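Dear colleague,

Please find below the structure that I am handing over to you. My findings follow directly after it.

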Amino acid sequence: KKFKNIQENRRDQGYWAKIVKSRDLGICQICGAENDVVIAHHIEAVYQNPIESLDLDNGITLCSNCHSKVHKLPGCTYNELKCMDDYEKKS
């Protein structure tokens, strides 16, 4: 069986993000902030695990402030996203 091509996967990411935000009720799962600016964050980056990129368990809703903080942690650049445990230990 053939896997979806990258363009189809990217299109599906928008649907994935809407479902993650809806599941989390638009609330940041770290600080509890409720606002219109929430981000559906991949816990494990799409490029690291493209097959699991649409798994809802691989997503978390973050406010822009917490999202920015996650990506400032050592080893958590936008290319190294599996960092939620490290963030929660430091906050």
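In what order do the elements of the protein run from the N terminus on? The model is a predicted one, and in it the order is α-β-β-α-α. The protein thus holds three helices and two strands.

As to the chain as a whole, 35% of the 91 residues of the protein count as buried. The accessible surface amounts to about 6,200 Å², and carbon and sulfur atoms contribute 52% of that area. Among the contacts in the protein with a separation of 6 or more, 61% join residues that lie 24 or more positions apart.

The cysteines deserve a separate paragraph. A disulfide is a covalent bond between the sulfur atoms of two cysteines. The number of disulfides in this structure is zero. Cys31 takes part in none, and the nearest cysteine sulfur to it, which belongs to Cys66, is 3.8 Å away. For Cys66, the closest cysteine sulfur is that of Cys28, at 3.7 Å. Why is there no bond between Cys66 and Cys28? The pair is not counted as a disulfide because the sulfur atoms would have to be within 2.5 Å, and 3.7 Å is too far for a bond.

Two of these cysteines can also be described by their accessibility. Cys31 has a relative accessibility of 47% and therefore counts as partly exposed. Cys66, in turn, has a relative accessibility of 3%, so this residue counts as buried.

With kind regards

Note on methods. Residues are numbered from 1 along each chain as its sequence is written. This is a predicted model: local features need pLDDT of at least 70, side-chain atom pairs count only at pLDDT 80 or more; totals for chains, interfaces and linings use all residues. Side-chain values use heavy atoms; hydrogens and water are left out. Buried means under 20% relative accessible area, exposed over 50%, partly exposed in between (1.4 Å probe, protein chains only). Helices (H or I, at least four residues) and strands (E, at least two) are DSSP runs, numbered from the N terminus. Contact means heavy atoms within 4.5 Å. Accessible areas come from the Shrake-Rupley method with a 1.4 Å probe; for residues, only the protein chains shown count as cover.
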